[in-house]
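User: Hi! I've got a model open here and would like to talk through a few spots in it. Could you help me out?

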Amino acid sequence: MEELSPWMDLAELPADPPEMRQVCAECGRPSVVCWCSSLPEVPLKIKSRVIILQHPAEEKRCLRTAPMLQRGLAEGKCLVFRGKKFPQNKHEGLADILRMSNTILLYPSKDAVDLETVPKVDSEENGYNIVIIDGTWPQAKGIYNNAPILHGIKQVKLLVKNKSEYVIRSQPTDGCLSTLETATEALSVLESVDYRSTLLQPLRALCCYQLNHGAVIHDSTDFRIKTNTYPRRLGKRLNKFLKEFN
């Protein structure tokens, strides 16, 4: 036992605390993957407002784009409301916004019109409240179905041919965009200003870093199915979703 005593003494020593990665105080990302340096030097003062209805599960994702939009736009130009049902008492001011005549909802319903056909914005006085549902397609559909107030809002859709630049995350189809890309595309169309080169820089920086450190480019689920490279059998929900978008 005497021979073991030094080892017993060592066993009782407290373990060194794990080395913690430095985290950016602004974006909450580890410093090595912080995208803050890619934000506009001065947040953009757009003429419209972006209203994000965010599913709670989306807030927990580490690779999300809504914070990039919030930081890239001037104060008050991007409002985020979280929940599964809208509006609730905790969503101060949201009900009034959703009832305004200049509010539009980006949602591909059967009644949605092409965003290109909507009158363009030339001043803050005729700017829009652009409502975007932030979540997966099933989550977005659930939020829409559970919010009757959304059904009465003018609904618009983006008809884009370009693929999402969010290449480190799989999209259902090639026409699906991240929240940041959706808002940027809508603002560029409605305000006749190309915001893409400025607002999308944080997303490009994030994807570039991830790809340089082992991440791979993700093709859309629809593309992989059409090219017979999708690794598993289609479930009923995914099959139904793809039929709705094709």
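User: Let's start with Leu206. Is Leu206 buried or exposed?

Analyst: Happy to help! One thing up front: this is a predicted model. Leu206 is buried, with a relative accessible area of 3%. The cut-off for buried is under 20%, so 3% puts Leu206 in that class.

User: Which helix is Leu206 found in?

Analyst: Leu206 sits in helix H9, which covers residues 201-212.

User: And what is Leu206 in contact with, leaving aside its neighbours within four places in sequence?

Analyst: With those neighbours set aside, Leu206 is in contact with Arg29, Val33, Leu63, Met68 and Ile168. Take Val33 from that list: Val33 and Leu206 are 173 residues apart in sequence, yet their C-alpha atoms are 6.7 Å apart in space.

User: Nice. What about contacts across the chain, how many join residues at least 24 apart?

Analyst: Counting contacts between residues at least 6 apart in sequence, 74% join residues at least 24 apart.

User: Switching to the sheet. What is the order of the strands?

Analyst: The order is E2-E1-E5-E3-E6-E4, in an open sheet of six strands with parallel pairing. Strand E2 (78-82) and strand E4 (113-114) are at the edges with a single partner strand each, so one side of each has no neighbour in the sheet.

User: Does anything pack on that sheet, I mean, which strands does helix H5 touch?

Analyst: Helix H5 (residues 137-145) packs on the sheet and touches E1, E3, E5 and strand E6 (154-157). The direction of H5 makes about 125° with that of E5. Helix H7 (residues 179-190) packs on the sheet as well, touching E1, E3 and E5, and its direction makes about 160° with that of E5.

User: E5 keeps coming up. How many of its residues are buried?

Analyst: Six of six: strand E5, residues 129-134, is mostly covered. Asn129, Val131 and Ile133 point one way, while Ile130, Ile132 and Asp134 point the other way, and all are buried. In a regular strand the side chains alternate between the two faces of the sheet.

User: So how many bridges does E5 make with E1, and how many with E3?

Analyst: Strand E1 (residues 49-54) pairs with E5 in the parallel sense over six bridges. Strand E3 (residues 103-106) also runs parallel to E5, and four bridges join them.

User: Which residue in E5 is the bridge partner of Arg49?

Analyst: That's Asn129. Asn129 is also the bridge partner of Thr103, and Val131 is the bridge partner of Leu105.

User: OK, aromatics next. How many aromatic pairs are there in the whole structure?

Analyst: A search of the whole structure finds two. One is Tyr107 with Trp137: the ring centres are 5.6 Å apart and the planes are at 20°, so the pair is stacked. Tyr107 is in the loop between E3 and E4 and Trp137 is in helix H5, so this pair ties together parts 30 residues apart in sequence.

User: And the other one?

Analyst: Tyr107 again, this time with Tyr144: the centres are 4.2 Å apart and the planes at 15°, so that pair is stacked too. Tyr144 is in helix H5, 37 residues from Tyr107. Tyr107, Trp137 and Tyr144 form one aromatic cluster.

User: Are those rings buried or exposed?

Analyst: Tyr107 counts as buried at 6% relative accessibility, and Trp137 is buried with a relative accessible area of 18%. Tyr144 is buried as well.

User: Last residue: Ser188. What does its side chain reach?

Analyst: The side chain of Ser188 reaches the backbone oxygen of Thr184 at 2.8 Å. A polar atom of that side chain also lies 3.1 Å from the backbone nitrogen of Tyr195. Ser188 lies in helix H7 and is buried, with a relative accessible area of 7%. Not counting residues up to four places away in sequence, Ser188 touches Val193, Asp194, Tyr195 and Arg196.

User: Before I go, what are the totals for the chain, such as helices and strands?

Analyst: The secondary structure comes to 11 helices and six strands. Buried residues make up 41% of the 246 residues. The chain exposes about 14,700 Å², and carbon and sulfur atoms supply 52% of that area.

User: Great, thanks!

How values were computed. Residues numbered from 1 in each chain as written. Predicted model: local features only at pLDDT ≥ 70, side-chain atom pairs only at ≥ 80, totals over all residues. Heavy atoms only, no water. Buried < 20%, exposed > 50% of the residue type's maximum accessible area, 1.4 Å probe, protein only. Helix = DSSP H or I, 4+ residues; strand = E, 2+ residues; numbered from the N terminus. Pairing = 2+ DSSP bridges. Contact = heavy atoms within 4.5 Å. Axes fitted to C-alpha atoms, helices over the stretch in contact; angles between N-to-C directions. Phe/Tyr/Trp six-rings, centres within 6.5 Å; stacked < 30°, edge-to-face > 60°. Polar contact = N/O pair within 3.5 Å; in protein donor to acceptor, adjacent residues only side chain to side chain. Areas by Shrake-Rupley, 256 points an atom, 1.4 Å probe, with all protein chains shown as cover.
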